[in-house]
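Colleague: I would like a close look at a single part of this model, namely one residue and its setting. Please start with its exposure and then work outwards to the chain around it.

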Amino acid sequence: MIAEAGLAALWLAAAMAILQLGVAWVGASASSDAPLYLRATRGVALVQGVLVAIAFAMLIWVFARSDMSVLLVAENSHSMKPMLYKIAGAWGNHEGSMLLWVTVLAVAGGAVAFFERQLAPRTLSATLGAQAAIGLGFYAFLLLASNPFTRLNPPPLDGQGLNPLLQDPGLAFHPPTLYFGYVGLSVAFSFAVGALLVRDVGPAFARAMRPWVLAAWIFLTIGITAGSYWAYYELGWGGWWFWDPVENASLMPWLAATALLHSVTVLATRDGLRAWTLMLAVVAFSMSMIGTFLVRSGILTSVHAFAVDPLRGSFILVLLALYIGGALLLFATRVGTVKQGATFELVSREGALVVNNLLLSVILGVVLIGTLYPLLAQAMGVQLSIGAPFFNKATVPVALALVIATVAGPLLRWRRDDWRVLARRMAVPVLTAVAAAILLLVLAGDAGLYPILGISFGAGLAVGSLMPLVGRNLRRTPLYIWGMAIAHLGVAVSILGMAADSGFTRERLAAIPIGETLHVGPFSAKLADVAPTIGPNWSALEARLEVRRGDGRMFVLRPQQRFFSNPVTSTSEAALATRWDGQLYAVLGNGSDNGRWQLRLWWKPFVTLIWAGGGLIAFGGALSLIGRLWRERRKRKGEAQEA
Amino acid sequence: MRRALIWLPLVLFLLLLGLVISGIVKPGDRAVRSAMVGKPVPALDLPALVDGKPGVNSAALATGEPILLNLFASWCVPCIAEAPQLMKLKQQGVKIYGVAVRDTPEAMARFLNENGDPYAAIGDDGASQVSIALGSSGVPETYVIDGSGRIVLQHIGYVGEQDIAEIRAALEKAR
Amino acid sequence: MKPKHQRMLLAGLALVAVLGAAGLALSGLKDEAAFFYAPADARAAPPEPGRAVRLGGMVASGSIQRARDGVTIHFIVTDGKDSVPVSFTGVAPDLFKEDSGVVAEGHFNADGSFTATNLLAKHDERYMPPEVAGAMHKSETLEP
C-alpha cells in the first residue's frame, strides 16, 4: 500500500503542477486581479511541494523496510544492507534520483511561494508558472518512463543490490548535495523566465533571486569540495582533481553560478547588467541540466564499466531542448524590450564585476569545449581524449587574471572610481604578492612558474580579501561583507594549497623488501610487515609502515591493496597522516616474486588548504546568505512599523 | 550587430544540442561478451584451503560428467546470498567445485559453517590468478563445465532462485 | 559614457569572451588532445615524439620484463599487425597481464618506443578498472 500511496501522491502532485501552471498563467497575464490569482498559485505550489515530499518519503519507507515487491527496491537493495545504504539506495538509482530531483524542485517552488513577499504579483506568478513547467517535464518523465513505484509480482525473496562498491558514505550524500545546487539554479532560472515574461527586470527581481543563487552556489561549493577530497583519498593517485567529465559536469554549473552571483549583485544594488544577468541565469541552469544529462546518459564515459541507458539520457535531452531552447528563444525575442539599466564607468565596482564575469565565462567555455570535444571528434570518426594538460594550460592563466579582479572589485566604489585611488588601495596586496614571488624565487626557484605565481597571487589575494574590512568598525560591519571577505579568503587559501601541492610535492616510488626504509621529504617510512586482512565485503593486503619525521615519534600507517568482489576490482586504500603543514600519503602497490613490495609515498605540503579553502568559501557564502536574509527581514519590519 | 548577438546564445545552444544528439545516435560498442565460453578451462592446480577438503586441479574438473565451478569468497556478501541456491543444486546431485578467491582458512571455515557447504572441493586462489585466467569479472561467478573440461556457460553475479533453471538446462545439455 | 555605447561595449565584451574561450580552447586542443593509436596506426602515421597520446592493444605474450628496481616494467603492445615496445614506471594495475588488453597513456620516443605514464588494464569487454571510470562516480555508472 505504501508504494501505491506514493504513486498516488506523485500523480496528484503532477496534477497540482498543471493547475499551478494554469493559474499562474492567468495571474501573470491578468491586469487587475493579479494578487488574487497569486494567492491561489501560492496555495497550489505549497500543496504540490507537500504531495511530492510525501511521495519521496514513501519511497524511502519502502527502501527502509526492504519491500521487495517493489521493482526498484528488488533491483537496487538487499535486506542485508546496513540501514544507511538502504535509505541512500532510494536515490542511488535512476528513478529514485529523478524523484529526488523533482522533490527538491517542488519543495523549493513551495518555499518560493511561501516566503517571497516583495516581488510584484505578476512577476511572482510568472516565476511560479515557470517552476511548474519545469516540474511537469520531470513528472512526465517519472510517471510515463521511469515509475519508481512499479510492483513486482511475485516478489523475489531478496534484492539484487548488494554491490559493495556502491556502499560508501561519500556516494550516499554527494549526489543529493549537487542536486540541491542544481535545483537552486532552477529557481533562479524560473525567476529569470518569469521576469522576462512580464518584462519586469529590475532590482526587486534580483533581490528575490539572489538568496536562491547564493544557496545553490553554497551547495555546489560543498559538493565539489567534498567530491574532490573523496577522489583524493579514495583513488590513491595522490591527485585531487582529474578533469573527468563527471567532475566537469559539477564544475560548470558552479562557474556559471559564481558569475551569476556577482552579476545579480550588480543588478540588485545598482540596477545594471540586466540582460547579462538574465542570460547567466539561463546558462547556469542549462549547465546543471547538461551536467545531469552527461552523467545520466553516459555518452561521454565510454570507459565506464556498465552501459547506461541512452534512452533515459534522451528524455533529459528533450527536456533540456524544451526548457533551455525555449528560454533562449524568449530571451532573444524579449531582451530588446528590457530597458537599459543604470550605467557605470569602466573603473568602478561594476566594471570589476564585469571583468570577473567575462573571465569566469571564458573558463566555463573552455571547460565545456574540452568536455564535449571528444564527442565532436567521435562524430567525425576520430578517437581521442582530453586530459588534465589541456584544462590546466587553458584555464590556469585565466584563473590568475581572475584573482586580480577579485582583489580589485571590493576595493572599488560603485558607479565610478579613480585609477589612482585604486592603485593606492591595491598597493598592499600587490606588494605582498611581489614579496612572496621574490622570496620564492630566492628560496625555491625550481618550483616551476605556475606554483610560484599561484603562491604569489594567493598571498596577494589573501591580504586583499581582508582589505574591505580594514578601517571599518568590525562589530558593525554587515554580515554579508564578512561573508564576501571570508569567501574571497577561501579562494586564496585554496589557491595556496593547489600551488603548494603542485610545486612542492615530494614523491618516492620503489620496490623494497620487508624491513627496509624509504625516505620522502622529511619522513622515513620502514616497511615493517605486509599481511592479509579480511573486511565485511573485501579482502586486502595491508602494509604496516613505521614512519618517523626526522627524529620524531614513530607512528604507523596502514595502506591497503583492497580487492572487492563484484566486479572484481582492486583499489588502493591510501593511508594518510595529516600534519599542520601537509599530508603524508602512502599507497601499497603490487608484490613481486622476490619478496619486494611496491611502495609509493607522497609528502604534500599544505595540500589540505585546498579543501579548507573550499570550506571557507562555502562558510563565507552562508554568512552572506544569513546576512542578506536578516537585513531584508529587518527592513521589512521597519517598513511595517512605519506604516 | 546587436540583433545578431542576441541570437548567438540560441545558435550556440542548438549546435551543442546537435552534437550531443549525434553522440546518442552513434553510441560506442558496449556489448558484454564472455571471452572464455566455448574454450577449455585454463590449466590450474590450486591447493586445499580448509582441512578435510581437497584442492582443485584440472584433472579433477574433466571427469566425464558436467560440473559447476563456483568462484566465491568469505568476504563477499553476495556469496552468502547465493549459498542456499547452491545447496539446493547440490541436493539435486550437481557436483560443485569451489575456488576461494583471496581468502583465509579461518574465515572460510566460519563461512562454510554459517552458510552451508555445497562444495566437493575448494581450491585456494590466494592471489586470484585463476580468476584472472578464467576471465572472471568478479565474485561470485559460476561456470558450467562439460565432461571434457570445456566451459559452456559463464554466469556472472550471484546465482538467484531465478537462475537455477538456466544452470540446470546448461548442465543437461553438457551431458 | 552614453547608455547605447555602454550596451554595445558590454555586448562586444561578451562576444570577446566567447571567442576568447573558443580560441584558448582550440589552441590547447591542438597541442594537448591525446589521440588514440593502435600499434599499426603508429607505424602508418607516427605521432611526433613527446606528444601526449594513448596507445591501445594487447600485451604480447612473454614480453613483460621487470627491471631490477622493481618498479619499472618493459613490455610489448601489439595489435596483431604491428607492435610497440613500452616502458612504464609505477604501480601496474592488478589485472595487467600478458595476452590481455591494455591502454597506455604517455608519449612516443624518437626511436619508436613508448614511455607510459599510466596504464589502464582492460580485462574483457565488461571490465574496466574503476579508477579509470573515476571511482567517485560509481553510483552513476554502475547502476543497472
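Modeller: A:Arg151 counts as partly exposed, because 15 C-beta neighbours lie inside 10 Å of it; a buried residue would need 20 or more, and an exposed one would have 12 or fewer. Keep in mind that this is a predicted model.

A:Arg151 sits in the loop between helix H6 (121-145) and helix H7 (169-197) of chain A. Leaving aside neighbours within four places in sequence, the residues in contact with A:Arg151 are A:Ala3, A:Ser69, A:Val70 and A:Leu71. A:Ser288 is 137 residues apart from A:Arg151 in sequence, and their C-alpha atoms are 32 Å apart in space.

The helix before that loop can be checked against its expected length. H6(A) has 25 residues, which at 1.5 Å a residue should span 36 Å; its end C-alpha atoms are 35 Å apart, so the two values agree. H6(A) is mostly covered, with 18 of its 25 residues buried. An α-helix has 3.6 residues a turn, so residues three or four places apart point the same way.

H15(A) allows a similar check. Helix H15 (residues 449-466) of chain A has 18 residues and reaches 26 Å from its first C-alpha to its last, close to the 26 Å expected. Of the 18 residues in H15(A), 15 are buried, and the helix is mostly covered.

Next, the chain as a whole. Chain A comes to 17 helices and 11 strands. Its radius of gyration is 27 Å, close to the 26 Å that the globule rule gives for 643 residues, so chain A is as compact as a globular protein of that length. The C-alpha trace of chain A spans about 85 × 80 × 55 Å along its principal axes. Buried residues make up 58% of the 643 residues in chain A. Of the contacts in chain A with a separation of 6 or more, 74% are between residues 24 or more positions apart.

Chain A is divided into domain 1 (1-155), domain 2 (173-412), domain 3 (418-488 + 614-643) and domain 4 (506-605). The centres of domain 2 and domain 3 of chain A, taken over C-alpha atoms, are separated by 23 Å. Across that boundary, 19 residues of domain 2 of chain A are in contact with 25 residues of domain 3 of chain A. On the domain 2 side, the elements that give two or more residues are helix H8 (203-235) and helix H13 (388-411) of chain A. H8(A) gives the most to that side, with 9 residues.

Chain A also has an open sheet of 4 strands in the order E2-E11-E10-E9, with antiparallel pairing. Strand E2 (506-513) and strand E9 (575-579) of chain A stand at the edges with a single partner strand each, so one side of each is left without a neighbour in the sheet. Direction ignored, neighbouring strands of this sheet are turned by 15° against each other on average. E2(A) pairs with strand E11 (residues 596-605) of chain A in the antiparallel sense over 8 bridges. Within that pairing, A:Ala511 has A:Gln598 in E11(A) as its bridge partner. Strands of a sheet pair through backbone hydrogen bonds, either parallel or antiparallel.

Chain B offers another antiparallel pair. Strand E6 (residues 141-145) and strand E7 (residues 151-156) of chain B pair over 5 bridges, and B:Val144 has B:Leu153 in E7(B) as its bridge partner. E6(B) and E7(B) form a hairpin with 5 residues between them, and B:Gly149 in the turn has a positive phi of about 90°.

For contrast with A:Arg151, take a residue in a strand of chain B. B:Val101 lies in strand E4 (residues 96-101) of chain B. B:Val101 counts as buried because it has 31 C-beta neighbours inside 10 Å. B:Val56 is 45 residues apart from B:Val101 along the chain, and their C-alpha atoms are separated by 13 Å.

Chain C comes to 4 helices and 7 strands, and from the N terminus on its elements run α-β-α-β-β-β-β-β-β-α-α. Of the 144 residues of chain C, 42% count as buried. Among contacts in chain C between residues at least 6 apart in sequence, 44% join residues at least 24 apart.

Conventions
Residues are numbered from 1 along each chain as its sequence is written. Chains are lettered from A and ligands numbered from 1 in the order in which they are written. This is a predicted model: local features need pLDDT of at least 70, side-chain atom pairs count only at pLDDT 80 or more; totals for chains, interfaces and linings use all residues. The radius of gyration is taken over C-alpha atoms; the globule rule is 2.2 Å times the number of residues to the power 0.38. Two residues are in contact if their C-beta atoms, placed from the backbone, lie within 7 Å. The expected span of a helix is 1.5 Å times one less than its number of residues. Two strands pair if DSSP finds at least two bridges between them. Axes are lines fitted to C-alpha atoms, for helices over the stretch in contact, and angles run from 0 to 180 degrees between N-to-C directions. Domain bounds come from an automatic or database domain assignment.
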